[in-house]
Amino acid sequence: MQRQIGIDHIRADLAARIAAIDRMAERESAGALAGALDDVRRIAQSHGLLPAVTVAQMLGSALAEGERGALIHGWLSILHDAIGCDRFDLPACDAYAAACSVRLAH
């Protein structure tokens, strides 16, 4: 039970960070967004939230390539979903990566 309370707290913190990134996405530089996103990725990785790590890495790559706007908002939505994922295996990571790829295509 203690582990669940701890991970719920981490997920709430990550959700707040993702919401903050989403709010600043239109006005901040790609570098500022990438820095905030890297914080999310590091926290997720340190707590084993591997699907969120996958999405954060893909989103970081998209920012590095100059993506902005609606695509970023969509990927942040996927990242928010990924932090709540109860699976931590490679198939779960692959499913979230596929969701990002589909979002990129639209």
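Begin by selecting helix α3, residues 50–64, where helices are DSSP runs of H or I with at least four residues, numbered from the N terminus: at 1.5 Å a residue its 15 residues should span 21 Å, and its end C-alpha atoms are 21 Å apart, so the two agree, the expected span being 1.5 Å times one less than the number of residues. The model is a predicted one, in which local features need pLDDT of at least 70 and side-chain atom pairs count only at pLDDT 80 or more, while totals for chains, interfaces and linings use all residues. Residues are numbered from 1 along each chain as its sequence is written, and side-chain values use heavy atoms, with hydrogens and water left out.

Staying on α3, colour its buried residues (under 20% relative accessible area, with a 1.4 Å probe and protein chains only), among them Pro 51, Val 53, Val 55, Leu 59 and Leu 63. Then step past the helix to Gly 66, which follows α3 and has a positive phi, near 95°.

Now select the whole chain, which has 5 helices and 0 strands and reads α-α-α-α-α along the sequence. Its radius of gyration is 13 Å, close to the 13 Å that the globule rule gives for 106 residues, so the chain is as compact as a globular protein of that length; the radius is taken over C-alpha atoms, and the rule is 2.2 Å times the number of residues to the power 0.38. Aligned to the principal axes, the C-alpha atoms fill a box of roughly 40 × 25 × 15 Å.

Finally, with burial displayed over the full chain, 38% of the 106 residues count as buried.

Notes
Helix = DSSP H or I, 4+ residues; strand = E, 2+ residues; numbered from the N terminus. Buried < 20%, exposed > 50% of the residue type's maximum accessible area, 1.4 Å probe, protein only.
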